[in-house]
Amino acid sequence: MTGFLKKLVRDLEAPIEARGFGTGWFSGFFALLLAAAGFCFVTALRWPDWFATPELARVLASAPFRIVVHATLLGAYALALLSLLLRPRKALGLTALVVALAGTILGGASVQPREMHDWGIFFGVDFFAVNLIATGLMFAPLERIVPHREKQRLFRTEWREDLFYFLISSMLVQVITFLALAPSSYLNAHGTALSGIRAAVSELPWAVQFLIAMFLTDLAQYWFHRLFHRIPFLWGFHAVHHSARSMDWLAGGRMHFVEIVLLRGVTSLPLLTLGFLPSVMQAYIGMVYVYSSLIHANIRGDFDRLGRFIVVPRFHHWHHALEAEGIDKNFAIHFPWLDRLFGTHYFPKGKWPQGYGVPEAVPSGYLAQMRYPFVRKAS
């Protein structure tokens with residue numbers, strides 16, 4: 001089994017020369033992506049009490065979603081078989097085929113829920129699958145079609161760590177949400193003085209509410225982000241995010257559990273306490289997941305003019321730069337003029353950073369990085 005996993009990883013990390021169109025690599029990769037998503041969907045349908053998020057419960061129960069599950073598994077089968085036919089190395093196609101088969105054995109699109117013990121605990125495998133498909137199918141092809149760094153592989157060094165971060169933050173969505181919403185829940189229960197503001201905000205047009213939500217969350221996140229760069233103990237958590245030495249759509253998911261909870265707690269305060277419509281909050285949250293992947297993505301394009309008004313990949317890449325001129329710059333996530341306002345803006349025309357990461361030795365591995373802020377010696 002260990003030998004087969006090594007073959008699978010070797011196939012995923014194959015050099016670009018061995019991934020050309022017609023080699024079966026792309027069909028194998030997308031087969032594995034669809035198979036994993038289909039398996040997650042079936043698991044969430046079979047054991048909804050444990051593996052489904054309440055927010056997606058209505059979608060999971062709908063007839064159209066069953067069609068999506070069926071199409072996902074069929075697509076995985078077809079692409080896996082195509083990869084097996086085209087590719088000399090069979091690990092990628094065979095793994096996708098086995099995962100898709102496991103989803104089918106569990107019940108496939110016609111699976112029925114199984115009752116579980118009501119422990120009040122669930123793991124968001126459905127959320128992970130939706131998030132992975134939405135961002136993976138969107139940005140993985142873009143990074144191959146219009147890459148900034150053409151020689152950077154899709155499965156570059158550290159991809160396994162970053163995918164695990166992506167999985168953990170999705171799977172532990174219940175715990176993270178509970179901890180992150182505690183401040184806003186307290187304010188909603190005791191903040192009667194905000195009732196007038198809530199009524200005024202709720203009457204604004206939908207588009208105006210959305211723009212205000214973007215501004216307020218970005219303003220809160222700007223100062224939160226800046227504090228994590230300035231306070232040594234907090235920097236230990238944020239250094240984990242900056243330790244990625246390559247930038248792509250998956251690198252945005254590398255974030256310490258403590259920082260995720262604190263960040264979502266801060267950014268959810270204006271959304272949940274000022275009376276925004278639920279549809280505005282849902283649209284904003286969905287946009288943020290996609291936008292975070294975009295600004296970390298390995299996508300070329302200087303966007304000098306557009307970058308004056310909204311954050312583009314090159315702007316945020318400078319935030320991750322090793323060069324001295326990029327350190328402690330570009331804290332905004334949506335609006336770069338916040339950095340201009342507060343004196344932390346750096347966006348040289350047509351210029352990209354040469355390297356990414358941090359000068360200190362952040363260890364590799366999820367568990368070692370979780371421990372790092374608590375054992376790190378501040379310099």
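In which helix is the place of His-229? His-229 has its place in helix α12, which covers residues 206-230, and this residue is taken up again in one of the views below, all of which show a predicted model.

**View 1. The whole chain of the predicted model, with its 18 helices and zero strands.** The chain holds 379 residues, and buried residues make up 49% of them. When contacts with a separation of 6 or more are considered, residues 24 or more positions apart account for 79% of these contacts in the chain. A search of the whole structure finds 19 aromatic pairs, and one group of ring pairs links Trp-25, Phe-26, Phe-29 and Phe-30 into a cluster.

**View 2. The largest nonpolar core, with 37 residues.** The members of this core that touch the most other members are Leu-12, Trp-25, Phe-29, Val-69, Leu-154, Phe-155 and Trp-249. At least two residues of the core are supplied by each of the helices α1 (2-12), α2 (25-46), α5 (63-86), α6 (91-105), α7 (125-145) and α8 (159-171). The largest share comes from α2, which contributes 12 residues. Another core lies apart from this one; it has 23 residues, among them Tyr-284, Val-311, Ala-332 and Phe-335.

**View 3. Helix α6 and the helices against which its buried residues pack.** The 15 residues of α6 should span 21 Å at 1.5 Å a residue, and the end C-alpha atoms of the helix are 21 Å apart, so the expected span and the modelled one agree. The buried residues of α6 are Ala-91, Leu-92, Gly-93, Thr-95, Ala-96, Ala-100 and Gly-103, and these buried residues pack against α1, α2 and α5. Just after α6, Gly-107 takes a positive phi of about 135°.

**View 4. Helix α15, residues 278-296, with its buried residues.** This helix has 19 residues and reaches 28 Å from its first C-alpha to its last, close to the 27 Å expected at 1.5 Å a residue. Its buried residues are Val-280, Met-281, Tyr-284, Met-287, Tyr-291, Ser-293, Ile-295 and His-296. Tyr-284, which is one of these buried residues, is also among the members of the core of 23 residues.

**View 5. His-229 and His-242, two buried histidines in contact with each other.** His-242 lies in helix α13, residues 232-242, and His-242 counts as buried because its relative accessible area of 3% is under 20%. His-229, in helix α12, has a relative accessible area of 12% and is likewise buried. Leaving aside neighbours within four places in sequence, His-242 is in contact with His-229, Trp-235, His-319, His-320, Gly-357 and Val-358, whereas His-229, with neighbours left aside in that way, is in contact with Trp-235, His-238, His-242, His-319, Asp-328 and Phe-331. The side chain of His-242 also makes a polar contact with the side chain of His-238, at 3.1 Å. His-242 and Ala-321 are 79 residues apart in sequence, and their C-alpha atoms are 8.9 Å apart in space.

**View 6. Asp-162 in helix α8 and its polar contact with Arg-254.** Asp-162 is buried, with a relative accessible area of 0%. The side chains of Asp-162 and Arg-254 are joined by a polar contact of 2.6 Å. Not counting residues up to four places away in sequence, Asp-162 touches Arg-156, Leu-250, Ala-251 and Arg-254.

**View 7. Arg-376, in the segment after α18 (366-375), with Glu-360.** Arg-376 has a relative accessible area of 17% and is buried. A polar contact of 2.8 Å joins its side chain to that of Glu-360. If residues up to four places away in sequence are not counted, Arg-376 touches Pro-232, Trp-235, Gly-236 and Glu-360. Arg-376 and Phe-233 are 143 residues apart in sequence, and from C-alpha to C-alpha they are 8.5 Å apart in space.

**View 8. Arg-314 over the face of an aromatic ring.** The ring is that of Phe-347, and Arg-314 lies at 4.0 Å from the ring centre.

Definitions and conventions:
Residues numbered from 1 in each chain as written. Predicted model: local features only at pLDDT ≥ 70, side-chain atom pairs only at ≥ 80, totals over all residues. Heavy atoms only, no water. Core = buried A, V, L, I, M, F, W, Y, C linked by side-chain atoms within 4.5 Å. Buried < 20%, exposed > 50% of the residue type's maximum accessible area, 1.4 Å probe, protein only. Helix = DSSP H or I, 4+ residues; strand = E, 2+ residues; numbered from the N terminus. Expected span 1.5 Å × (residues − 1). Phe/Tyr/Trp six-rings, centres within 6.5 Å; stacked < 30°, edge-to-face > 60°. Lys NZ or Arg CZ within 6 Å of the ring centre and 35° of its normal. Contact = heavy atoms within 4.5 Å. Polar contact = N/O pair within 3.5 Å; in protein donor to acceptor, adjacent residues only side chain to side chain.
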